[in-house]
Amino acid sequence: MKFPRASGILLHPTSLPGPGGIGTLGPDALGFVKLLADTRCSIWQMLPLGPTGYGDSPYQCFSAFAGNPLLISLPAPAESLTADGVDVDFGAVISEKRLQLRKLFERFVPDVRYERWVQQQTWLEDFALFSVLKAVHHGHAWTSWAPALAAHDLVALATFATAHTRQLEQIRFEQYVFFRQFQALKQACTEHKIKLMGDVPIYVAHDSADVWSNRELFDLDEAGGLITQAGVPPDYFSDTGQLWGNPIYKWETLKEQGYQWWIDRMRSALSMFDIVRLDHFRGFEAYWEVPGNATTAVNGRWMPGPGASLFTAMTEALGPLPIVAENLGLITPEVEALREQFGYPGMSILQFAFGGAPDELNEFRPHLYPQERVVYTGTHDNDTTMGWWNSEPGAASTRSAADIEREHAFARRYLDTDGREMNWTLIRAALASVADTVLVPMQDILGLGSEARMNLPGRQAGNWKFRFDWSQLTPDLTRRLRELNTLFDR
């Protein structure tokens with residue numbers, strides 16, 4: 001799909017300012033929409049919005065369809081969590097938010113609109129059951145529940161539902177409030193001509209309502225354990241690869257069902273977002289399959305993905321798909337052929353443009369961009385631009401001192417810069433490029449260092465916590481961004 005020439009900001013809603021200890025879909029989100037419009041940005045990219053589990057990662061959610069209740073804007077946030085611009089303390093936020101949502105639910109009187117919405121959400125009942133079952137089992141994974149409940153036995157679930165009607169109703173209520181607030185935000189975006197861009201991970205979490213209620217679609221044993229799991233093979237970043245722990249799809253079963261689960265998932269995403277970033281696109285062509293009991297990703301194998309048949313089925317059901325393909329990492333000609341067959345633009349990361357030998361072909365350099373490209377200064381998995389530029393050899397960097405100096409020297413030559421304000425140098429280079437779409441993390445606009453990094457892959461704790469404060473966004477910063485967007489016809 002052809003995208004118009006545009007720019008936007010990458011910011012997860014949890015990173016917004018405001019009371020309550022975490023960003024929400026409330027007034028500060030509406031303020032951010034106004035900021036986008038004032039700076040001539042026309043895209044707001046978010047990370048996945050599902051309810052997060054262990055590690056607070058939006059890429060390991062309890063549901064591919066539900067919304068995260070932590071993002072609900074409350075009328076009277078807890079005073080103990082009202083500080084603006086302070087990193088998210090998920091432990092404190094979760095406990096306090098649950099208390100506040102329970103109080104809000106106690107005052108709720110269902111109406112016809114609520115009842116109609118509940119009936120329309122085909123995923124909601126399984127998610128509500130999963131959530132309450134998980135609470136009753138003190139947060140333990142569904143594979144440890146009583147066998148009948150773990151097996152999604154309808155008789156056992158009906159008995160459970162009868163005994164927990166009030167708890168189930170609260171889950172439905174929370175989802176109703178989340179989606180009402182999200183639709184209000186989406187309406188504001190439409191009024192300001194802002195497109196919302198979402199993120200659909202290829203895999204879903206093992207401990208999720210999706211896997212629990214659709215066991216036949218995943219490669220699981222009789223007890224629900226992993227027969228195989230997802231990951232990526234060893235490369236120059238890791239000698240043992242990456243082991244993700246997500247179950248592998250039974251692609252043949254999905255194909256026999258006309259890929260209905262994936263069609264439903266994409267339909268849900270497109271009801272919320274104007275554009276969808278499809279994470280780990282290469283896994284749809286071929287994926288790295290690792291034994292379920294493995295402790296590293298070394299002993300895996302490449303297996304064929306669904307390929308064109310999946311995207312053909314989704315396109316026939318939903319029409320042309322406004323997908324951005326995350327085609328980073330080990331990308332083969334077959335992966336690129338699949339992406340190009342359906343006209344999905346790929347991604348380029350500007351921070352990656354200056355490594356290696358200057359005479360090597362590096363597609364991340366702006367003079368090599370095709371128009372149909374989505375360019376980032378960096379993503380949620382990268383360091384901030386200032387953190388990258390000021391990095392030193394160490395645990396958080398795979399580069400030696402010589403590598404860093406060589407990269408810096410080439411970047412200075414290529415960008416014709418003395419290295420000052422490197423965040424704005426990269427922002428300008430991206431916006432000036434021929435690429436149709438440019439997205440800049442909020443941290444780079446603010447010129448923040450590694451302390452504001454959203455995620456460090458492989459780090460088990462301390463990710464996803466970043467928040468900014470409105471006081472950091474000076475009139476000079478908004479003016480500079482607006483002028484660059486105007487100058488380069490964004």
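1. Strand 1. In this predicted model, the residues of strand 1 point in two directions: Ala6, Gly8 and Leu10 face one way, Ser7 and Ile9 face the other way, and all are buried. Strand 1 covers residues 6-10, and 5 of its 5 residues are buried, so the strand is largely enclosed by the rest of the structure.

2. The partners of strand 1. Strands of a sheet pair through backbone hydrogen bonds, in either a parallel or an antiparallel sense. Strand 1 pairs with strand 12 in the parallel sense, over 5 bridges. Ser7 has Val438 as its bridge partner in strand 12, and Gly8 has Leu439 as its partner in that strand. Strand 1 also pairs in the parallel sense with strand 2 (residues 43-45), here over 3 bridges. In strand 2, Gly8 is matched with Ile43. Gly8 therefore has a bridge partner in strand 12, Leu439, as well as one in strand 2, Ile43.

3. The sheet of 8 strands. Strands 1, 2 and 12 belong to an open sheet of 8 strands with parallel pairing, whose order is 9-6-3-2-1-12-11-10. Which strands stand at the edges of this sheet? They are strand 9 (323-325) and strand 10; each has a single partner strand, so one side of each is left without a neighbour in the sheet. From one strand to the next, the twist averages 25°. Helix 1 (residues 27-38) packs on the sheet and touches strand 1 and strand 2. The direction of helix 1 makes about 135° with that of strand 2.

4. Strand 10, at an edge. Strand 10 (residues 346-349) is covered on both faces: Gly346 and Ser348 are buried on one side, and Met347 and Ile349 are buried on the other. An edge strand may thus lack a neighbour on one side within the sheet and still have both faces covered, as strand 10 does. Its pairing with strand 11 (residues 373-376) is parallel and runs over 4 bridges. Within this pairing, Gly346 stands opposite Arg373 of strand 11.

5. Pro441 in strand 12. Pro441 is found in strand 12, which comprises residues 437-441. Is Pro441 buried or exposed? Its relative accessible area is 7%, so Pro441 is buried. When neighbours within four places in sequence are left aside, Pro441 is in contact with Leu10, Thr377 and Gly378. Leu10 is itself one of the buried residues of strand 1. By contrast with these contacts, Pro441 and Pro393 are 24 Å apart in space, C-alpha to C-alpha, and 48 residues apart in sequence.

6. The sheet of 4 strands. An open sheet of 4 strands has antiparallel pairing and the order 5-4-7-8. Its edges are formed by strand 5 (242-247) and strand 8 (301-304); each has a single partner strand, so one side of each is without a neighbour in the sheet. With direction ignored, neighbouring strands of this sheet are turned by 50° against each other on average. Strand 4 (residues 228-232) and strand 7 (residues 286-291) run antiparallel and are joined by 4 bridges. Thr228 stands opposite Pro291 in strand 7.

7. Helix 3 and helix 7. Two packed helices are described by the angle between their axes and the distance between the axes. Helix 3 (residues 112-120) and helix 7 (residues 165-191) pack at an angle of about 100°, with 11 Å between their axes. This makes helix 3 roughly perpendicular to helix 7. From helix 3, the residues Arg113, Tyr114, Trp117 and Val118 meet Glu169, Arg172, Phe173, Gln175, Tyr176, Phe179 and Arg180 of helix 7. The residues of this contact divide into 6 nonpolar, 1 polar and 4 charged.

8. Aromatic pairs. How many aromatic pairs does a search of the whole structure find? The search finds 45. In one of them, the rings of Trp117 and Phe179 have their centres 5.9 Å apart and their planes at 40°, so the pair is tilted. Since Trp117 lies in helix 3 and Phe179 in helix 7, the pair ties together parts that are 62 residues apart in sequence. Both Trp117 and Phe179 are buried. Phe354 and Tyr414 form an edge-to-face pair, with 5.8 Å from centre to centre and 65° between the planes. Phe354 lies in the loop between strand 10 and strand 11, and Tyr414 in helix 15 (residues 401-415), so this pair links parts 60 residues apart in sequence. Phe354, at 0% relative accessibility, counts as buried, whereas Tyr414 is partly exposed, with a relative accessible area of 26%.

Technical notes. Residues numbered from 1 in each chain as written. Predicted model: local features only at pLDDT ≥ 70, side-chain atom pairs only at ≥ 80, totals over all residues. Heavy atoms only, no water. Buried < 20%, exposed > 50% of the residue type's maximum accessible area, 1.4 Å probe, protein only. Pairing = 2+ DSSP bridges. Axes fitted to C-alpha atoms, helices over the stretch in contact; angles between N-to-C directions. Parallel < 35°, antiparallel > 145°, perpendicular 65-115°, else oblique. Contact = heavy atoms within 4.5 Å. Nonpolar A, V, L, I, M, F, W, Y, C, P; charged D, E, K, R; others polar. Phe/Tyr/Trp six-rings, centres within 6.5 Å; stacked < 30°, edge-to-face > 60°.
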